[in-house]
Amino acid sequence: SSSSSSSSSSTGGATTSMHSTIMTTSGLRTSSVRSPHDLVRVHEICSRQRASGASTTHDRSSRSHAILRLEVTNARTDGLECERRRIESELPAWKNASDNVSGKKYFVNVDTSVGTQGYGKILRSGKVPERDVMGGPCEGDVWIRSIDEENRITLRDVEDGNTPRTAEEWSAELGIEDLQLRYCAMLKGLSKDEIDAELQVLEGESLRLKGIIADREARLDELEKLSNQIARDGPRALGGSILLVDLAGADYDHRSGDVQRESAAINKSLLALKECLRSLSAPTGAESSKPVFRGSKLTRLLEDSLSPKTECTRRTNTESTCVMLINVSPDARLERGTVNALRYGQMYARGQKGATTASKGNGGRGRSAAKNGGKKNAPSSRRKTKSAASAIPPKPADPEVLRELREIYRDRVPEKTEEEVEGIIQKFAGREALLLAKVRGKYVVVAESN
């Protein structure tokens, strides 16, 4: 049998109250697929859920990413996976409940119905000795109900307490000398024996919850071992999966309101994906070469496919093949978007090539050394030359060169932010004319020839 899972903008699940903790089970929804009819049904459900609407290009644009994951499973692996998801969704609630019980130990003798968890503001005479200021209330304390912008105070349990007055006016009204603003805990007045009895009950509840958490975590470890064993002993196809992703297109939207926010959310997730692809395509060992998949929900879901050797993967092996299909258009109005999409695919292809080279281990490093002719000192020599050159201040940049550079990047490469463009210019400090020649050849001449 096989099962499929799909993501959508809506979430669902049952909720359970547990020690003031709301437990919600949600996430990617799964459905069993045992026939072509089942797969058609899943496709229809996902299509209805997918958001679409008007963009700056046309009125029927995709306004959300679509993700469909198909995995080869059997009845046993299905059961293990369902149990694992259930336990992982419950664990945060159990841990939160344990923290809540531990926190109650500090409020056993505090009336939490007053102020904020039993702590609030009071008016207290300035004549009270300093040693009695902290802790519980003192004789003559008056609890504050509210304080307005003009520092006028209303009081609880006082005649005419709803009339706003300053501290000085309340001091005269109540006949208490030098009333001042203080913080205080409202105590219940429990005896030591009562407090000890309450603490004993909470300690027992805390031990019970910690036992439940330990059992759940032990069961997760057991489920992982069972899943790995089934994958090793079962058919080779068992556990294999395919992840289909249809990305919404970037939209440089200058409208306002919800549509503009929707476009910004799409662009943000696409930018996070681009940064991950850029990191994957960077040479091994380069600075910032580790992709940041936590940048968006989209990249979190794609991490297992784009980087199968990551530490947090659930794969039983690291075999993975990815294919990107680029949508291009012959329409001249969409030239910029088409060129950007092709650059996107080129970056992705470099990332796949880099991942393949890195997986070959020492062989790749050996070929690299051979190209250098075995001159191990060459890199350090280059570093010294660069260091010496960097000591010479760069020549002032030509304002016209900088202006043209920024215009080309703005018009031809809109996916680059202003910070990225300024970073590129900074790297070519003193060589801005060379950078301009390269940028013209890469973005202007190529576009005109097309």
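This report walks through a helix pair, a small sheet and two loop residues.

The structure is a predicted model, in which local features need pLDDT of at least 70, side-chain atom pairs count only at pLDDT 80 or more, and totals for chains, interfaces and linings use all residues. Residues are numbered from 1 along each chain as its sequence is written, and side-chain values use heavy atoms, with hydrogens and water left out.

**The helix pair**

Helices (H or I, at least four residues) and strands (E, at least two) are DSSP runs, numbered from the N terminus. Let's start with helix α5, residues 258-281: its 24 residues should span 34 Å at 1.5 Å a residue, and the end C-alpha atoms lie 35 Å apart, which agrees. The expected span here is 1.5 Å times one less than the number of residues.

Helix α6 (residues 297-306) packs against α5 at an angle of about 30°, with the axes 10 Å apart. Axes are lines fitted to C-alpha atoms, for helices over the stretch in contact, and angles run from 0 to 180 degrees between N-to-C directions. α5 and α6 are therefore roughly parallel (angles under 35 degrees). Contact (heavy atoms within 4.5 Å) involves S269, A272, L273, C276, L277 and L280 of α5, together with L298, T299, L302 and L306 of α6. Buried residues of α5, those under 20% relative accessible area (1.4 Å probe, protein chains only), include S269, A272, L273, C276, L277 and L280. An α-helix has 3.6 residues a turn, so residues three or four places apart point the same way.

**The sheet**

Four strands form an open sheet in the order β10-β9-β8-β11, with antiparallel pairing. Two strands pair if DSSP finds at least two bridges between them. At the edges stand β10 (153-155) and β11 (179-185); each has a single partner strand, so one side of each lacks a neighbour in the sheet. From one strand to the next, the twist averages 50°. Inside this sheet, β8 (residues 119-125) and β9 (residues 142-147) run antiparallel and are joined by 2 bridges. Here I122 stands opposite W143 in β9.

**Two loop residues with positive phi**

Neither N151 nor D178 is a glycine, yet both have a positive phi. In the table, exposed is over 50% relative accessible area and partly exposed lies between 20% and 50%.

| Residue | Phi | Loop | Relative accessible area |
|---|---|---|---|
| N151 | near 60° | between β9 and β10 | 57%, exposed |
| D178 | about 55° | between α3 (167-174) and β11 | 37%, partly exposed |

Conventions: Parallel < 35°, antiparallel > 145°, perpendicular 65-115°, else oblique.
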